[in-house]
Amino acid sequence: MAKISAICNKGIRLKVINWTRNDFYKVLAGAFSSLGIQPRLAELGVLRGENAMVMYQIMQPSHMTLVDSWLALPPLPQLGAYSPFDKLPSWVSDPDVFADYFGGSMREQTTFDALYESCCERFKAISNIRMLRASTAVAFESLKAEGARFECVYVDANHQYEWVLRDLMLYQELVSPDGCIMLNDCAFSNDGMLQNLGVLEAVAHFIKRSPFRPIAMTVGAFADLILVREGSRLEDICDQLFVAADVNWVEVPDQLLGAAKVVTGARRFNVSFI
């Protein structure tokens, strides 16, 4: 009975925290510093590079690799990786609803060429950042052949289930023993449903197939999540830092991650596992 109890207690480790991903970067920066590691970072899905720059400034990596195809969706009637159906379901928004966010139609290559140029301009003065304009799968093969290793891989590329799962299954090979994977938009919400997001479902399946486990999740319609290898030094140090931080958090069993659902209160977002 004691052995079963210990196993159950070990599973109650996913901390749900009303923080931002920038706060997570600070925790990871402190953890890597405690381990004597100047981290190597990778971001999959870069767009203009705003998040990559924040990661760079907070975590001070020895090297950073940015991967994005900066490629438009195919013209109508095809929807490419955005939806597998010939006709969009009624619960999924047409991608051009998000034109303002991208700076133009997602079906126009000029939109993504402009995003790429903006990103290049942002990082032109930083010598230890490498940009790979390729799909995440193609970039993986190149990075694997080079023997690349990263302490943190931030997954924020195609958000549909099969593509997210593929990125996780591939890039776990490139994560160092005391490294982590972070994901954006890892929650079920009405806003996410309109974008056909499958991140949460992909992660829920990934942790059944890998040694990675979730340790911390933000609260919000587009939550961030940290995955680490179970039993790693990074897992223990991050746990200690969260316990010591001046922030409220709630622990839930890892197994409940797939049930996470954002519910909207009168004044803020909350997360439910019911």
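1. Is Phe24 buried or exposed in this predicted model? Phe24 is buried: its relative accessible area comes out at 0%, and the cut-off for calling a residue buried is under 20%.

2. On to the rings, then. I count nine aromatic pairs in the structure. One of them joins Trp19 and Phe24 in an edge-to-face arrangement, with 6.4 Å from centre to centre and 70° between the planes. Trp19 also pairs with Phe242; here the centres are 6.1 Å apart and the planes sit at 50°, so this pair counts as tilted. If you're scanning along the sequence you could easily miss that one, since Trp19 is in the loop between β1 (12–17) and α2 (21–34) while Phe242 belongs to helix α10 (residues 233–244), 223 residues apart.

3. Put those pairs together and you get a cluster of Trp19, Phe24 and Phe242, linked by ring pairs. Trp19 and Phe242 are both buried, and so is Phe24.

4. Phe242 turns up again in the packing. The largest nonpolar core has 48 residues, and Phe242, Leu28 and Ile226 are the ones that touch the most other members. By element, α2 makes the biggest contribution to this core, giving six residues. As general background, nonpolar side chains in soluble globular proteins tend to be buried together.

5. Leu28 deserves a look of its own. Setting aside residues up to four places away in sequence, Leu28 touches Met59, Cys152, Cys180, Met182, Ile226 and Cys238. Apart from the core that Leu28 helps to form, there is another one of 41 residues, with Val16, Leu44, Leu132 and Phe140 among them.

6. Leu168 is another residue to click on. It lies in helix α7 (residues 161–171) and counts as buried, because its relative accessibility is 1% and the threshold is under 20%. Beyond its neighbours within four places in sequence, Leu168 is in contact with Val155, Ile181, Leu183, Ala202, Val203 and Phe206. For a distance check, the C-alpha atoms of Leu168 and Lys87 are 28 Å apart, with these positions 81 residues apart along the chain.

7. Finally, two charge-over-ring placements for anyone setting up interaction terms. Lys15 has its charged end over the ring of Trp249, 4.7 Å from the ring centre. Arg133 does likewise with Tyr116, its charged end sitting over the ring at 4.4 Å from the centre.

Key. Residues are numbered from 1 along each chain as its sequence is written. This is a predicted model: local features need pLDDT of at least 70, side-chain atom pairs count only at pLDDT 80 or more; totals for chains, interfaces and linings use all residues. Side-chain values use heavy atoms; hydrogens and water are left out. Helices (H or I, at least four residues) and strands (E, at least two) are DSSP runs, numbered from the N terminus. Buried means under 20% relative accessible area, exposed over 50%, partly exposed in between (1.4 Å probe, protein chains only). Contact means heavy atoms within 4.5 Å. Rings of Phe, Tyr and Trp (its six-membered ring) pair if their centres lie within 6.5 Å; planes under 30 degrees apart count as stacked, over 60 as edge-to-face and the rest as tilted. A charge sits over a ring if NZ of Lys or CZ of Arg is within 6 Å of the ring centre and within 35 degrees of the ring normal. A nonpolar core is a set of buried Ala, Val, Leu, Ile, Met, Phe, Trp, Tyr and Cys residues joined through side-chain atoms within 4.5 Å.
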